[in-house]
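Hi everyone, thanks for coming. Let me put the structure up, and then I'll walk you through it.

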Amino acid sequence: MSLRIGYGFDSHAFKPGVPLMIGGLHIEHAEGLAGHSDGDVLLHALTDALLGAVSAGDIGTFFPPSDPRWKGAASSLFLRTAMEEIHTAGYKIVNVDSVLILAQPKIVPIANEMRESVAELLGVPAGDVGIKAKTPEGLNLEGVAVAHVTVLLESLEPNGGKAVMTAEVAADEDELNEVVESLVTGVRDTSALGRKRPVFDTDDLT
Ligand code: MG
């Protein structure tokens, strides 16, 4: 079984007069999050975590803020693209964990609803998604929402682990060489990993 981890971070400033979207959930609040897209800070960090886990660049690689097509875009579109990337690379989600840092609104009362929203977008059970929220004590970040996300992926084809197990019990040298050969020549196709190398000519402002 081959595992990979991914980590994503994002931040957006609050702005009056725009809808507040976090985790694909519309939240009633006086202010929303400013951004080229809908400003969904949690889905952006999640998208980056997924892309990072398979070395496929970042959200700005696929959706540069200089491109007018993504103005006001639903961030679920970014997430779908990241899901396609991890599937192409031969992986699926094991679980996701996240931390939101924001002063308002309070997340605890809506955390379950948000968890279900994210789980539905990812096509995983709600039990595989963690949503935690902190207030920015001592950080002077009252007008900002921050999201940190980690993901764990496992390979769709669990053939890598089999070869490693065989190596542990291989008795003679020929058998061991055969196992080493299979590991070196590659039992898992990683050609999709990093197949879209980022240009990095823009920073992500989505
Ligand atoms: Mg963003």
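Before anything else, when I say helix or strand, I mean a DSSP run: H or I over at least four residues for a helix, E over at least two for a strand, numbered from the N terminus. Keep in mind that this is a predicted model, where local features need pLDDT of at least 70 and side-chain atom pairs count only at pLDDT 80 or more, while totals for chains, interfaces and linings use all residues. Residues are numbered from 1 along each chain as its sequence is written, and side-chain values use heavy atoms, with hydrogens and water left out.

So, the overview. The protein chain has six helices and seven strands, and along the sequence they come in the pattern β-β-β-β-α-α-α-β-α-β-β-α-α. Of its 206 residues, 44% count as buried. Buried here is under 20% relative accessible area, exposed is over 50%, and partly exposed is in between, using a 1.4 Å probe on protein chains only. Contacts, meaning heavy atoms within 4.5 Å, often reach far along the chain: among those between residues at least 6 apart in sequence, 75% join residues at least 24 apart.

Next, the metal. Which residues hold the magnesium ion? Asp 10 through OD, His 12 through NE2 and His 44 through ND1, at 2.1 to 2.3 Å. Donors are N, O and S atoms within 2.8 Å of the metal (3.2 Å for Na, K and Ca), and water is not among the atoms, so the site may look incomplete. Along the chain the donors are spaced D-x1-H-x31-H. Both Asp 10 and His 12 are buried.

Now helix 4, residues 111-122. With 12 residues at 1.5 Å each, helix 4 should span 16 Å, and its end C-alpha atoms are indeed 16 Å apart. That expected span is 1.5 Å times one less than the number of residues. Its buried residues are Ala 111, Met 114, Ser 117, Val 118, Ala 119 and Leu 122. An α-helix has 3.6 residues a turn, so residues three or four places apart point the same way. What covers the buried residues of helix 4 includes helix 1, helix 3, strand 5 and strand 6. Right after helix 4 comes Gly 123, with a positive phi near 70°.

Is there any empty space inside? Searching the whole structure turns up one cavity of 30 Å³ or more, and the largest cavity has a volume of about 30 Å³. A cavity is a set of points, on a 1 Å grid over the protein atoms alone, where a 1.4 Å probe fits but cannot get out; lining residues have an atom within 4 Å of a point. Grid points are joined across faces, edges and corners, and the volume is the space filled by probe spheres set on the points. Helix 1, strand 5 and strand 6 each supply at least two lining residues, and strand 6 gives the most, with three. Val 118 of helix 4 is also one of the lining residues.

Last, some backbone oddities. Most residues other than glycine have a negative phi, and most peptide bonds are trans. Here, though, the bond from Gln 104 to Pro 105 is cis, with omega near -10°, and Pro 105 is in the loop between strand 5 and helix 4. Ser 55 is not a glycine, yet has a positive phi of about 50°; at 31% relative accessibility, Ser 55 is partly exposed. Asn 140 is not a glycine either, and has a positive phi of about 55°. Asn 140 is exposed, at 70%.

Key
1 Å grid on protein atoms, 1.4 Å probe; cavity = no way out; pocket = protein on both sides within 12 Å on 5 of 7 lines; lining within 4 Å.
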